[in-house]
Amino acid sequence: MRLNPLIDAAVLGPMRSSPGRIGLAVLAIALGVALGLAVHLINRSAADEISAAARSLYGLADLSVQGGSEGLDERFYPLIARTQGVQAVSPIVEVQARYADRRGAIDLIGADPFRVNRFQPALASLANVAAEGPGVLERDVVYVSAAAARELGLQRGDALRIQIGLDVAAFKVGGVLPAAAFRERAGVIDIADAQQRFGKLGKLSRVDVRIEPGAGVERVRERLRALLPASASVATPGGAADDALRLSRAYRSNLTALALVALFTGGFFVYSTQALFVLRRRREFAVLHALGVTRAQQLGSVLAGSVLMGALGALLGCAIGVAAARFGLARLGGDLGAGYFSASASAFEVRAAELVVFAALGVAAAITGAVRPALEAARIPTANALKAGDVASAQARAHPVFILVTALLAGAALLAPPIADLPLPGYAAIALLLIATVAATPVMVRIIATRALRVFTPAHSVARLTRPSGAEETKRSSWLRRSRRSPAQFLILEIALAQIAGAARYATLSVAAIIVSFSLMTSMAIMVTSFRDSLDAWIQKLLPADIYVRVGYVGQSAYLEPETADSLRRLPGVARAEYSRFAQAQIPGESRPITVIARTLDEQGAGETLWIVHEARNSPPASATPIWINEAAADLYRWGSGEVRRISIGGREIDTFVRGVWRDYEHQNGALVMGRDAYVGSTGDRAVNTVWLWAQDDAPLDRLRAEIRDLLPTDAQYDLRTPQELRRSSLAVFDRTFAVTYLLEVIAVLIGLFGIAAGMSAQVLARRGEFGALRHLGFTRAQVGAMLAVEGATLGALGVLVGLAAGALVSLILIYVVNRQSFHWSMDLSAPGMLLTLLSAGLVAMSALIAVLAGRRAMSGDVVAAVKEDW
Amino acid sequence: MLYVDQICKSFPAGAGAQPGPRRPVLSGVTLRLEPGEYVAVMGESGSGKSTLLNLIAGLDTPDAGRIEIDGQDISALDDAARTRLRRSKLGFVFQAFHLLPYLSVERNIALPLALNGVAESDAQRRTEELLQAVGLVERRRAAPRELSGGEMQRVAVARALAHRPKLVLADEPTGNLDAEAAAEVLALLRAQLKRDRAAGVLVTHSVLAASTADRVLRLTRTGLQEATAFA
């Protein structure tokens, strides 16, 4: 097949002549696409599963009346049923039931079998069972979902043991529900049984509603709202599914953003490859132009080459991405080990549109990276480029206006609020900052290399001494004079540094990708260390006692009776004890309840066990209950210290006064701390979830643990831990959560190292004549290798230096903007000095090694032939 | 100073280095040069001029025969020893100059001195001397790209002579220069060779350039033959 000569020269020619470099560019794009697609597919699969699971709870319901934190008084039930436009209703009592014989909990749904089957046709069998008996489901009988049966290994006739308080209740498995009924771990019991068993007499968790055709969802919703107390809300099943997704959205979006960093780096890699290609083939482009190829054709040919690279990379990336997603989902789960979606078994499905989008992103990254080189190819001054020794294009050019505007835009983005609750302006600021950094790099490279040349090479120092100069230069020169290194060794350093300073643009092209990836690695390392150190300090602050006994959590069936908690307090060796209880309160106008931590608390000494970040300056009104809200609550509900707000708790509405805002890494959706006495006074609930025990000075903790075990029922599930154990397990969870991010960073840095390899090999080709001349002048192969190593190490060091500086700035954005907007938690800045030093040293060494490997052609006999072209 | 004794060299006739028929390039070439003697080698394209220079420079090895430089048989040396010999006793002038683009004029000239371990102060003195000799004192700090072709080749000549080599190999040093600049460079090269009593081999197609040498040799299939003499 005869090809257009232009396409052959500008598109296919480079692919044939530099398959290694082009292959690396294709691989860089492929890795970026693969990572982005894999993380997206995993996230989307998990999100679909969560959404479907949440949606499946509501069956065919159009609306759901949510009872709020304390549940809905069942007297509202007939009112709801009689509301105009309501066709059918189904009352539900929902409980998080703790397993008695293993960790974890199951959703127990108390339902009326004759009503729920109108919403969940798959539950029709329950109505048949009830119709054959006394009209209700048998007491202590549970029908488990297919997912629960599979996970717990249950079948008809088995017992499901549930912990209620510290007691154990055994439910007989009456059957396994069809898979269409509920997608997640759940069990259905009779509604009256649920109310009685779990202390919810007269209360309903929600009432599912189907409306009459043509009644209008919004109209019925308004009628219901008018009917209900402020603590209740009317949600759509879709809204409930969104709420379930929202819990993990920030984590998922951050992970996707991190995965796309690899694509971003891949784009820079294409930029480097194409720019080096254009620089190296300057004369070819000039010849083509002289022969009549138009500027537009030249521009198009370079872009066409990039489209081809991008398309190949995108195809490969899609294949790798789908395989990686399938593997990740199977091995790590839908949350990649972070612990968000433990209840969901994610299904895997790939949609054509997703493949198209990510493939397009890959091609777009390749095109974006190639735009500037393509424009330069089209602007090459033909006459100059046809002259021998034309090297002007390798000169560094400053773009002060572009850099300034980009930096200003980055600053402006930081001031913008989050978009759709996501820190998108923060991400934009990071991208702009990195672009500005890369744009400023040629000038920085030239300045640093020129300075280094003056400091480290005797000739330049001596030359400077001939001019009037300060003591500093005299000192430098005397240092150099004392050095035992031979002039030849300095010569290697001098040539390498002069090459980098003189060809700063080449150097920048080689290090652009490594700057981007290393700055992101640095920023992540600083952010993760800051987070980990802050978490560690937070745990230690929050856990002042010697032993913690924890039974159950928010909304769960397990708890300690106050008498049992008192018995723990009276154990020999216990100096003192405090109690806490997890509950929920409703903020009027908000659909979600807020977590309440009711603690034995000395109001004045709250700061001793809470990390207070802001305190109220004004005095509390006498009638208001003092509370301390976490940072998430402050952000989500726009609540501040010193404010008085009304909340609904235990069926009562009380005024609260925000005494302070505290740092909290546990409750991402808002939590408040209040005194136990105030809580008990408002709710009458005296149950306890956690007992904090301080041991007497001489009391051995092991004995105290043994006594606690003796006191509590042997078949009850509880956590008995020291602060050290809690700290260890918390940090282990933290490390597991961030394990995937480390992997993503390493891949991004690998792509960056490709950049140095490609840059060096391209330069060695371009400088063959120079290397040939050096070999003629008496440079040994080892000296040429040493020179390349010095160049590689210097480029690596420049990449590291610029990357560290940019990474430090990006880390500030991550810590103070992205994390704050995503997860609503603050942290103290903490840099991992040793880790960054080791990473920097490793990267410099890798760069030196890669430069020698990539440039081994410069040491081969072939290079001598470069000057033979003249002979 | 240089003794080339009956050297032969052939290359594979086809592509690659597979065994098979070989194409002879040099057959029984003999050449002797005394210190300070300057010869020009002329010949048609493909006559083996570049091969001869490669062999003399120790960048390639002959199939037969021997080459002595300053009494040392380079055929018996390994690559590292040949590199050291080239570094200390040979100088090169290329058609395309091959100056290091990011070193200044004076650092390009000083390059062989540093490579040979000459002390910085001595190197500076020698560089200064050569800068004056080639008339580029004012341009010492300039980068090669700021020079004209003639100036670049003058720097290349200074670099070739900086470490006082015993033998200078010049390949078409005026191939990229106009007539005036070429004449300047050739005169400079001859003068410097004579002053340092270095032997010189000039490969050229130009009769005018060859006329600046002491002797002119023509390279043919049968070896090197005396063409005519200019003195």
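Is Ala583(A) buried or exposed? In this predicted model, the answer comes from counting the C-beta atoms around Ala583(A).

**View 1. Surroundings of Ala583(A) in strand β13 of chain A.** Ala583(A) belongs to strand β13, which spans residues 574-585 of chain A. Ala583(A) has 23 other C-beta atoms within 10 Å, and therefore it is buried, the cut-off being 20 or more. Beyond its neighbours within four places in sequence, Ala583(A) is in contact with Val554(A), Val596(A), Ala598(A) and Asp685(A). Of these contacts, Val554(A) is 29 residues away in sequence, while the C-alpha atoms of Ala583(A) and Val554(A) are 5.3 Å apart.

**View 2. Asp5(B) in strand β1 of chain B.** Strand β1 covers residues 2-12 of chain B and includes Asp5(B). Asp5(B) counts as partly exposed because 17 C-beta neighbours lie inside 10 Å. Not counting residues up to four places away in sequence, Asp5(B) touches Thr30(B), Gly65(B) and Arg66(B). Leu136(B) is 131 residues from Asp5(B) in sequence, and the two C-alpha atoms are 40 Å apart in space.

**View 3. Helix α1 of chain B and the glycine that follows.** Helix α1 of chain B is formed by residues 49-57; nine of the nine are buried, so the helix is largely enclosed by the rest of the structure. Its buried residues include Lys49(B), Ser50(B), Thr51(B) and Asn54(B), together with Leu52(B), Leu53(B) and Leu55(B). Just after α1(B) comes Gly58(B), with a positive phi of about 75°.

**View 4. The two sides of helix α4 of chain B.** Helix α4 of chain B runs over residues 120-134; its 15 residues reach 21 Å from the first C-alpha to the last, close to the 21 Å expected at 1.5 Å a residue. Buried in α4(B) are Ala123(B), Arg126(B), Thr127(B), Leu130(B), Leu131(B) and Val134(B). They lie on the same side of α4(B), because they cover an arc of only 140° around the axis. An α-helix has 3.6 residues a turn, so residues three or four places apart point the same way. The buried residues of α4(B) pack against three helices of chain B, namely α3 (105-115), α5 (149-161) and α6 (179-196). Ser121(B), Asp122(B) and Gln132(B), on the other side of α4(B), are exposed. Gly135(B) follows α4(B) and has a positive phi, near 70°.

**View 5. The largest nonpolar core, around Ile29(A) and Val33(A).** This core has 284 residues, and Ile29(A) and Val33(A) have the most contacts inside it. Helix α2 of chain A, residues 19-56, gives the most to this core, with 22 residues. Leaving out residues up to four places away in sequence, Val33(A) touches several residues, among them Leu263(A), Cys318(A), Phe358(A) and Leu361(A), and also the glycines Gly313(A), Gly317(A), Gly321(A) and Gly362(A). Another core, of 27 residues, lies apart from the largest one; Ile627(A), Ala632(A), Ala633(A) and Ile649(A) are among its members.

**View 6. The crossing of helices α26 and α27 of chain A.** Helix α26 (residues 781-823) and helix α27 (residues 833-854) of chain A have axes that come within 7 Å and cross at roughly 145°. The crossing of α26(A) and α27(A) is right-handed. Among the residues that meet here are Gly785(A), Leu788(A), Gly792(A), Gly796(A) and Val800(A) in α26(A), and Leu836(A), Ser840(A), Leu843(A), Ser847(A) and Ala851(A) in α27(A).

Terms used
Residues numbered from 1 in each chain as written. Chains lettered and ligands numbered in written order. Predicted model: local features only at pLDDT ≥ 70, side-chain atom pairs only at ≥ 80, totals over all residues. Helix = DSSP H or I, 4+ residues; strand = E, 2+ residues; numbered from the N terminus. Buried ≥ 20, exposed ≤ 12 C-beta atoms within 10 Å, placed from the backbone. Contact = placed C-beta atoms within 7 Å. Expected span 1.5 Å × (residues − 1). Arc of directions from axis to C-beta. Core = buried A, V, L, I, M, F, W, Y, C linked by C-beta atoms within 7 Å. Axes fitted to C-alpha atoms, helices over the stretch in contact; angles between N-to-C directions. Left-handed = near helix turned anticlockwise from the far one by under 90°.
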